[in-house]
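This report is meant for a reader who is meeting the structure for the first time. Please look through the sequence and the model before reading on.

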Amino acid sequence: MEINGTVYYSEYGARETDMRRKMVVTYPPIPREINEVSVWMESTVGSRSEKESFKVKDCELSQHNVTSYAYPKKVIGNVSANDCGQKPTLVSATIEGKEYSTEISEDGSFSLSYPLRKEDDSFQLVFRDVHGCHFEYTAYVSNNHKYSSVNILRALLQRLEAYRVPMGARVYVSIDGKEYASEVSTKENDGRVTVSYPRQKPGTALTAWIQDDRTSEMTEKPAVLKIADKQYDCQYLAETDRINGTVYLDDRDENLRLDSNVTSASVVIDGKIYPCELSKMDLSAYSYDDLEKKGLEDADKSAFQFSCRYPKQKVGKKIQLRIEDADGYVFSRNIKLENLDPYIDLDTVYSSDRKISGKTWSDCAVTIRYGKKTYRTKANKSGRFSVKVKSQRAGTKIKVSANENHLL
């Protein structure tokens, strides 16, 4: 074959035993201005046929050599060569007046991204080869996650937790136009994933959806929600040199599925911080009546007791109680110090008993007047106290005071 003065030979020669064997001549792209080429045959012994002229035609590309899968944000597929070894090198699509294109790999695979399309939308894929020959192929969008809903466990200040996420997919969150993605749902994590994002304020709006990055299949209607606001509350007794109390999560809305996970409590006085001792209470061990007496009837399943000592302050001084939890939430309350009478919880005393015991504030001096005698002791760090006494007849009055000056 002669093209523009240059001769190209076929890759295979015809043999008498295989006359049906195709002969393919490979050559560079023919310029558009050349309309005809000359073709002839030669043998190894020098014989030669007459030259024949052939018009240059478009490449015989065929859409039947294409397999593709169109998804909401991308189409992926493969295109194979025809019998002459020809195949496209570029694929493009025009969507809403804008063209999107990508090169086809040597192995024939391609992946073309475009703006979000809905399920069953259709558009034309245009395949082109190096010299402009092309054909069109109609693609139809499919979306297996169209109706998938995001099962949200909780949306917190710095993360969203979701469960039962389809295998291979992620959960995406959008806040103020920025997107954040979870890890991929796998058998190992049992479909429970977490989306992390910069710290937000309670009540911040966000949208969440399921998306498979391999196919771009995604939830058509994202969930719209707000970041939860944990409502902690507390009961306390604050004196001029100490504070004792209980902090708990006011979890009246069970749908929020929030955890009471306090990690620290402290008192701030004139900018100086005094850490509190903290211990967890299991409220499931108490009856509702007991919780109601303690003012904890609206508390979550757990609460935390705290106690703190600080330098003696004046009556009327304002201090700040500050509580922090593992999810980054901060609860604070300004408290005005007062001289309060310590409570006294006296154990039942029978006429035959030779011991009087009870509970009050820790380290309080306790005075007990029983019968004609007076007994003095001191409550321990837990507030427990006990003194040995002589048994008295039923009906004998017991007077107990704490710190000597406060009779209860």
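## Aromatic pairs

In this predicted model, the count of aromatic pairs comes to 5. Y114 and F123 make up one of these pairs, with an edge-to-face arrangement in which the ring centres lie 5.1 Å apart and the planes meet at 65°. The pair is called edge-to-face because an angle over 60 degrees between the planes falls in that class.

Are the two partners buried or exposed? Y114 has a relative accessibility of 6%, and it therefore counts as buried, the limit being under 20%. F123, with a relative accessible area of 8%, is buried as well.

## An aromatic cluster and a charge over a ring

Aromatic residues also come together in a group, since F110, F127 and F135 form one aromatic cluster.

Another aromatic residue, W40, has a charged side chain as its partner: K51 lies over the face of W40, at 4.6 Å from the ring centre.

## The protein as a whole

Turning from single residues to the chain, the secondary structure of the protein consists of 34 strands and 1 helix. The protein has 408 residues, of which 38% count as buried, and Y114 and F123 are among the buried residues.

When contacts with a separation of 6 or more are considered, 55% of them in the protein join residues that are 24 or more positions apart. The area that the protein exposes is about 25,100 Å², and carbon and sulfur atoms supply 45% of that area.

Note on methods. Residues are numbered from 1 along each chain as its sequence is written. This is a predicted model: local features need pLDDT of at least 70, side-chain atom pairs count only at pLDDT 80 or more; totals for chains, interfaces and linings use all residues. Side-chain values use heavy atoms; hydrogens and water are left out. Helices (H or I, at least four residues) and strands (E, at least two) are DSSP runs, numbered from the N terminus. Buried means under 20% relative accessible area, exposed over 50%, partly exposed in between (1.4 Å probe, protein chains only). Contact means heavy atoms within 4.5 Å. Accessible areas come from the Shrake-Rupley method with a 1.4 Å probe; for residues, only the protein chains shown count as cover. Rings of Phe, Tyr and Trp (its six-membered ring) pair if their centres lie within 6.5 Å; planes under 30 degrees apart count as stacked, over 60 as edge-to-face and the rest as tilted. A charge sits over a ring if NZ of Lys or CZ of Arg is within 6 Å of the ring centre and within 35 degrees of the ring normal.
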